[in-house]
Structure formats: structure tokens, C-alpha cells
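Q: Please look closely at a single part of this model and at what surrounds it. How may that part be described for a first-year student?

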Amino acid sequence: MPTYIASVRDAKGTTKTQKFTSTSLTDARTALREQGFVVQDLKEHKGFDFKSFDFKQIDAFMSAVTVKDKAVFSRQFAVLVNAGVAMVRGLGVLAEQCSNTRMKKALQEISSDVQQGTNLSDAMRKHPKCFDTLYVSMVQAGEIGGVLDEVLNRLAKLLEDIARLQNQIKSALAYPVVVGVLATAIFVGMTVFLIPTFASIFKELGIELPAFTLAMLAISEFLRTPQYVVTLIIILFGLNFAYQQYYKTRVGRETIDRLSLKMPLFGDLIEKTATARFCRTFGALTRSGVPILTSLEIVRDTSGNQVIANAVDDARKEIQTGGMISIALQKAEVFPPMAIQMISIGEETGELDKMLMKVADFYEDEVEQAVKALTSIIEPIMILFLGGMVGSILLSMYLPMFKVFEALG
């Protein structure tokens, strides 16, 4: 039960503060009045109380709601709504079977709010960690239009497509990250433990060491000196902190995001991914009945790239003055020309949502092909990288051997 702190005045006029537990705030106030106290202040105690502490709160705080979690919920909720199951009961059923602690708690609270007369979208808006602006706006449009089940199915499809796109990107990055970490671990291990053994041998022989071997010995000495390693770690953390602070500024975010779109190998993939996500999200919002200006605001805030967000915001301003979306996007020079032409055709024919979905399908296929091509390019590069790091250590150890053989000869 929750703990409350009350400031009360007794019959003698003495004011005192006491802490106690009760089932609710109303019951706590009633209990105090029955004891003859005049309640001056009563509030829930937010401090740590080990006896009443619920360790599930930690799990709910730590667990994150993934795109897949929201997609599964949307699909199941759409089935229940379409089958005529009462909303409160449906939310209760889904809350009971939900495995994600944070989402389970949110669904329970949403169910309670809906039971008290709150709209579903307003109840979801209280839980931004589970249901973002995009989700809430589409649910609100479904409530207003009386097509909540259709909107939930569209949301499920949208979220499934986003999850599939994210998995494709992760699969492209998984290989180089794993190989890079492995190569670094091998390099550090050989540098710290293998090179010193050879260094003592070379010192006993008294031969002149090549410059490459001396450089590797210096690196080994550096990595085996604790104060140097600690200094290096502090510098890296400092650079990372500086980067994060710079990225929080508008200029920094624009600069870094613009450079990311021009990166070799990854720039094209980022552009196609952003185009697919923009078209899929914008198309789903407009098809669900969300006003076009509101849709563009949501797409702008969920774009994930400041350069693209600026282009979308320019398109929103263009529409406000009676212009066309495609013209504003073309001026920004962010999206591929083919996407802009197809959006322009959709505006002219009055079927913008259908054209946006077609563009999204096309560029999601393009992303899939780009991921496969990127993986095929990265694999030999990472193999060469791994071989180069290991080979450089072995080479630095074997170069002095040739001088030893020359001396013996």
C-alpha cells in the first residue's frame, strides 16, 4: 500500500506530522478525520521505504518499449476492437499477457483512465515512453473517424515495416562492429602480453631494432602503463562528452547530420532509409485522417535527422502559404529526385497517400539491396583490417630476426 505524510492539528491545536499507509488518498483523509484530526496537508510519500518498496518498479523503469512491442500490441488490440470486445476489457486482457513491464504498467493505467471516461488517445498521451506523438495522433484520428480498428492495423503495419528496416540496418552494422571489437581485443592482447616477451630477447641480443619494431614497442609500453591508459580513457570520454554537447546544439546537429548524409558507403543508405521512413510515416498519417499540417509536424519531430527535419518543416510552411510539398522538398536537396517526382504526381492526382506508400515500398527494397551490397563490401575490408592489425604485430617481431640471421651469417 502507498505511504502518506500528513500534517494535522489535534483538538488542543497542536500541529504535528505523521507517516502512515492507506489504500488511497481519500481513505487516508477519512481515517485522520475519524481520529479527530484536522487535516492541513496530506500527500503521498515518494521516499524510499524498503517494506513497501515494489521491486517491479525498477524493472518497469529499466525496460524499454520496442517498436516490436508496440506493433504486437496494435495488431492484437485491433483484433479485439474489431471483434466487438469492450475497450476497457481489451486493454485489461492485453495488460495481463504483456511481457514488457513498462508497457504492462502503462496499459493498466490507460485502462483505468478509459474506465473513468478519458479518451484512449488522451490516456495514451500520458505515457510518451510507450506511445509517442505519432502513435497517439493516429489513434486520435481513428477515434474521431470511428475506424479505430483500421487505424490500429495501419499502425501495426507501419511499426512492423519500421522494425524490419531497423533490423536490416542493424544486420549491416553487426558484422563490422563484431570484427572491429575482436580485432582491437586481439591487438591489445598481443601488444600487452606477446611483444614484451620478444622485447626482452631483443634486448639481450643487443641488436639494432627497425623503426617499425620500435614503434610497436612504444605502443606496448604505453598500453602497459596504467597512468597512460587512464589518461587515454579520460580523453576519449571527454571527446565523447564534447561531441554529445555539440550535437545538442542546433548548429552541431545540422552539421553532423548533413555530414552523415555525405558519408562514403553509409551516406546513400542513410538517405534511402530516411526517405522510406518519411514516406511511410507521412502516408500512414494522412491515410488515417490526420490533418496534413499536423502530419508534417509529427514527421518532422520523428525524422531522426535535423537536415531532413528542416526540409519537412519547409514543406509545412510551403503548404501554409498555398504551395506544394514536392517543391519545398526539391529546394532542400535532401530526398532523391525520383521520390520528389512521385510525390509531385501524388499531389497532382489527389492520391498522395497511395503514392507515398509506393515510394516507401520502393525505397525499403532499395535499402535492403543497399544493405546486402554494403555487407559484401565491408566483409573483405574488415578481414583486411583484422589481418593488418595481427600482421603488423607479427611483422614487428620478425623484422629484427632477419638482422639476427645476418649477424650469425
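The answer that follows treats one helix, its partner, and the spaces beside it.

A: This is a predicted model, in which local features need pLDDT of at least 70 and side-chain atom pairs count only at pLDDT 80 or more, while totals for chains, interfaces and linings use all residues. Residues are numbered from 1 along each chain as its sequence is written, and side-chain values use heavy atoms, with hydrogens and water left out.

The chain has 17 helices and three strands (DSSP runs numbered from the N terminus: helices are H or I, at least four residues, and strands are E, at least two). Its C-alpha atoms fill a box of roughly 105 × 75 × 40 Å along the principal axes.

The part chosen is helix 12, residues 266-287. Its axis comes within 10 Å of that of helix 8, residues 148-205, and the two cross at roughly 175 degrees (axes are lines fitted to C-alpha atoms over the stretch in contact, with angles from 0 to 180 degrees between N-to-C directions). The two helices are therefore roughly antiparallel (over 145 degrees; under 35 is roughly parallel, 65 to 115 roughly perpendicular, and the rest oblique). Helix 12 makes this contact (heavy atoms within 4.5 Å) through residues including Phe 266, Thr 273 and Thr 281; on helix 8, Leu 165 and Ile 169 are among the residues that take part. By class, the contact has eight nonpolar, two polar and five charged residues (Ala, Val, Leu, Ile, Met, Phe, Trp, Tyr, Cys and Pro are nonpolar; Asp, Glu, Lys and Arg charged; the others, Gly among them, polar).

Helix 12 also lines the largest pocket, whose volume is about 500 Å³ (on a 1 Å grid over the protein atoms alone, a pocket is an open set with protein on both sides within 12 Å along at least five of seven lines; a cavity is a set of points where a 1.4 Å probe fits but cannot get out; lining residues have an atom within 4 Å of a point). Of the 22 lining residues, Ile 169, Ile 270, Thr 273, Ala 274 and Arg 277 are the closest to the pocket centre. Helix 12 gives the largest share, eight residues.

The structure holds one cavity of 30 Å³ or more, and the largest cavity has a volume of about 70 Å³ (the space filled by probe spheres set on points joined across faces, edges and corners). Ala 274, Arg 277 and Thr 281 are among its lining residues. Here, too, helix 12 supplies the largest share, four residues. The cavity lining divides into five nonpolar, three polar and one charged.
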